[in-house]
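Let's take a friendly walk through this model, starting with one helix and moving on to charges and contacts.

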Amino acid sequence: MYFQSDTVLRMIEQLGAFYRRIMDMMSLEERKAEGEMLIGAEFLRLTGLEMNTALSLSPDALYVMLGGRGAEERVLAASELLRMHAMLLGEDDFPDDARIASEMEMSAALLAELGPGAMGFAEERLSLLLAKGVYVASDKLFRFFMEAGAYARAEDALDIALEEGVLTHEDARAFYLRLLEMSKDSLSRGNFTREEALAGLERLGRL
């Protein structure tokens, strides 16, 4: 079951208010001393998992443990709280860059699992994270953009995934054939055309 828009907005609003309270009501010293504890407690409340437990898992394993498809609220909460925690860690005098990067990547990977109802928010967050150099597996990006209807961006991610060997020519062929079944208007909304889908199939045939 995908997100309903009001559910997404409510969750974003609640988490945003939570983070503003940390940033606005605490001094830098208080945030360092108490902010991590507060975010950890909120993570446990909203996801049912300890944050350290979550961080010990792979993104795929964490997604499953959170409940996967049908538990998108928990996935969104985990993603946002991990991002907040990483931002808080960045305020340290000697920040742990490796841990910050790991938490940002986990946050982005969870966003890439979200369903169509959260796509606008998730795509915005992903774009920000990617702009900062946060790594997200190319096959997850491909599936995210495909479900989001961002077909041109899906093709870009597909090309990278093919180079990395995480997707196959059969995956690519299925992608282009699926696009060819769509209406001109649907393709246009995804910044794609039937001609580009045919060209993609032809290119595959030459590889």
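## An enclosed helix

Helix H8 (residues 138-148) is largely enclosed by the rest of the structure, because 8 of its 11 residues are buried. Here buried means under 20% relative accessible area, exposed means over 50%, and partly exposed lies in between, with a 1.4 Å probe and protein chains only. Helices (H or I, at least four residues) and strands (E, at least two) are DSSP runs, numbered from the N terminus. The buried residues of H8 are Ser-138, Asp-139, Lys-140, Leu-141, Phe-142, Phe-144, Phe-145 and Met-146. After H8 comes Gly-149, with a positive phi near 80 degrees.

A word on the source: this is a predicted model, in which local features need pLDDT of at least 70 and side-chain atom pairs count only at pLDDT 80 or more, while totals for chains, interfaces and linings use all residues. Residues are numbered from 1 along each chain as its sequence is written, and side-chain values use heavy atoms, leaving out hydrogens and water.

## Salt bridges

The structure holds 8 salt bridges, each defined as a side-chain nitrogen of Lys or Arg within 4 Å of a carboxyl oxygen of Asp or Glu. One of them joins Asp-60 to Lys-140, with the closest N and O atoms 2.5 Å apart. This pair links distant parts of the chain: Asp-60 sits in helix H4 (residues 59-66) and Lys-140 in helix H8, 80 residues apart. Asp-60 is partly exposed at 42% relative accessible area, whereas Lys-140 is buried at 15%. Asp-60, Glu-113 and Lys-140 are linked in a network of salt bridges.

Within H8, Arg-143 and Asp-139 meet in a salt bridge (3.5 Å, N to O). They are 4 residues apart in the helix, so about one helical turn separates them. Arg-143 counts as partly exposed, at 44% relative accessibility, while Asp-139 is buried at 18%.

## Helix H5 and its contacts

In helix H5, the side chains of Glu-80 and Arg-83 form a salt bridge (3.0 Å, N to O). Because they are 3 residues apart in this helix, about one helical turn lies between them. Both Glu-80 and Arg-83 are buried.

His-85 also has its place in H5, and is buried, with a relative accessible area of 1%. Which residues does His-85 touch, not counting those up to four places away in sequence? They are Glu-36, Ile-39, Met-51, Arg-99 and Glu-103, where contact means heavy atoms within 4.5 Å.
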